[in-house]
Amino acid sequence: MTFTHAQDHTTRPTLEGRFGMSASTHWLATASAQAVLERGGNAFDAAAAGAFVLHVVEPHLNGPAGDMTGVFVTAENPSTPVVLMGQGPAPQGASVAAYRAMGLETVPGAGALAAAVPGAVDAWLMLLRDHGSWPLADVLAFAIDYAENGHPVVPRVPATIRTVKDLFTQHWPSSAAHWMPQGRIPEPGELVTNTEYAQVLRELVAAAEAGGDRAEGIEAARREWKTGRVAQTAAEFAAAPHRHSDGGDYAGVITAEDFAGFSAAYEEAVTIEFRGYTIAKIGPWGQGPVLLQTLKILEGFDDELLDPGTEAGAHTVLEALKLAMADRDTYYGDAEVPLEHLLSEDYAASRRELIGPNASAEFRPGHIPGVQAVLPPLQEPEGAAAGAMGGGEPTVSRDGETKGDTCHIDVVDRWGNMVSATPSGGWLQSSPTIPGLGFPLGTRLQMTWLEEDSPSALRPGQRPRTTLTPTLVLKDGEPVMALGTPGGDQQDQWQLLFLLRWIVGGHTPQQAIDAPALHTTSMPSSFWPRTWEPAGAVVEARLGEAVIGALRRRGHQVTVAGDWSLGRLSCVVRDPATGVLQAAANPRGAQGYAAGR
């Protein structure tokens, strides 16, 4: 069957070719990745080059001291998806007891107390060492050039700086000096540089060139990142008290030893089968299994109930997502998670039975025999905050609080290597910019709870439950798609809509990206101050008045966002039978792009 909103006219074409495809949330990252492919690099060289460019051109969405997760396959082993784990843990000085002793009830959303150990750079370097083919200098040349010689800044960067300018000028002088030189916010399109970060990258290149052969050199660059000037400077700077998003002034607890003690890793992907496709995700230390649980619940419904563009389909999708999200917030974490049970057929069937004709306003995690259900605190927003919850893409407040801004990149090459990666954290508004480095620490620890018995509690050496959740899709043991999106708690929700429309509804990739989006807010936010909106749903206006009105009559508390305001999906596709490649990217915000031939 063909789902609704499969328009003949799309905002961009679904690109097709045989050589290689790249797609990301910024055209300069996409073009850089594609340039690597054109010059003989593989998908891993290309994705890494694009990712370091994203540090420079989307500093409000990710940074070098942030984190990333990826899912990839190699041409040599195409049937085995692998997780690239670049999520650093809580520092050794970060614990529930320590933060409670400071008078905190939640981890602040901005400031160094929210900093996990940076993981993104180490993960990209490890991937390059093991699966790339280019010298590090060539991979980083694109980012170094944009950082040293400038790039035209996209409008959202100045807008973000303008939102937090009072915080910068009054409390974070190093950020004001870096992002507002001479007190002036750059204009959209103005050439901006980050020479301090360019120097950091040049130091990594120098370490690599002095470190031996290609693999040994990249390993030397990893050591330089984790034990050299970056680690020492960041730890010393974070130790000075500074303003956090709750209004308090605290010193960070991260140390140079925390930097040195972390290493990125490879993990086995978590997979399920859905309508003949294998969907591969990161584990329950992130939110990746939310997509898998929701698909398992939805698989038992007829196809007409899976179309997000209809009243019945949108209702069914929203209710299924609420159930999976409730399990996420009750059971997921960097701990022993009963994932086999959560993804079982019987469990999905029991959850499916809870979906009725009306919207649920309850928080309903499932029952798992022998496992204690630790419910998260459920706090509803007040006043203006309530209306802000449904405002489309995640936003930044004046105190630096950020709800989920992120970036994404996908690459497939002519040999069949494929990678989907979602870098995030270390936003320019996360915490004060570190002088000499040109970037701040991240804030991923805001996703931990200060409740000792929670599987997502703040614990030294354990990873916060990240929202970063790229996806790889296989069919008959061959990779066919890499996809992902920014969006915090909405990432798997928007990817679900895409997969339903592409796998079940007959949409082309670009049609699936262009179609109207929606998501639920009926779960505790992963971002400070961790509020939820019972029965809340956000929809793009293009869903139509008839469907929106029907959802409200069913009890959904609907917030109508702009026509083109939800989701920043991108994807690359490969047909194993013909070798034909495809790519598509999101038009919302006029920033994401796909390229290829």
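This passage describes two sheets of a predicted model, the helices that pack on them, and the confidence of the prediction.

The model is predicted, and the protein chain averages a pLDDT of 94. A score of at least 70 is reached by 96% of the residues. Two stretches fall below 50. One covers residues 384-394; the other covers residues 396-404. Both still make contacts in the model beyond near neighbours in sequence: 22 for residues 384-394 and 39 for residues 396-404.

Strands of a sheet pair through backbone hydrogen bonds, in a parallel or an antiparallel sense. One open sheet holds seven strands, in the order E1-E20-E19-E15-E14-E11-E10. Its pairing is antiparallel. Strand E1 (15-17) and strand E10 (270-274) stand at the edges. Each has a single partner strand, so one side of each lacks a neighbour in the sheet. On average, neighbouring strands of this sheet are turned by 20 degrees against each other, direction ignored.

At the E1 edge, the partner is strand E20 (residues 581-585). Three bridges join E1 and E20 in the antiparallel sense. Gln 582 in E20 is the bridge partner of Glu 16. Helix H18 (residues 491-504) packs on this sheet. H18 touches E10, strand E11 (277-281), strand E14 (471-475), strand E15 (478-484) and strand E19 (570-574). The direction of H18 makes about 140 degrees with that of E15.

Another open sheet of seven strands runs in the order E9-E4-E3-E13-E12-E2-E21. Here, too, the pairing is antiparallel. Strand E9 (265-268) and strand E21 (593-596) form the edges, and each pairs on one side only. From one strand to the next, the twist averages 15 degrees.

Within this order, E13 is followed by E12. Strand E12 (residues 409-413) pairs with strand E13 (residues 418-424) over four bridges, in the antiparallel sense. In one of these bridges, Asp 410 has Ser 420 of E13 as its partner.

Two helices lie across strands of this second sheet. Helix H1 (residues 27-38) lies across strand E2 (20-24), E12 and E21. H1 runs at about 160 degrees to E2. Helix H4 (residues 120-131) lies across strand E3 (67-74), strand E4 (77-86), E9, E12 and E13. H4 runs at about 20 degrees to E3. Strand E12 is thus listed for H1 and also for H4.

Terms used. Residues are numbered from 1 along each chain as its sequence is written. This is a predicted model: local features need pLDDT of at least 70, side-chain atom pairs count only at pLDDT 80 or more; totals for chains, interfaces and linings use all residues. Side-chain values use heavy atoms; hydrogens and water are left out. Two strands pair if DSSP finds at least two bridges between them. Axes are lines fitted to C-alpha atoms, for helices over the stretch in contact, and angles run from 0 to 180 degrees between N-to-C directions. Contact means heavy atoms within 4.5 Å. pLDDT is the predictor's confidence in each residue, from 0 to 100.
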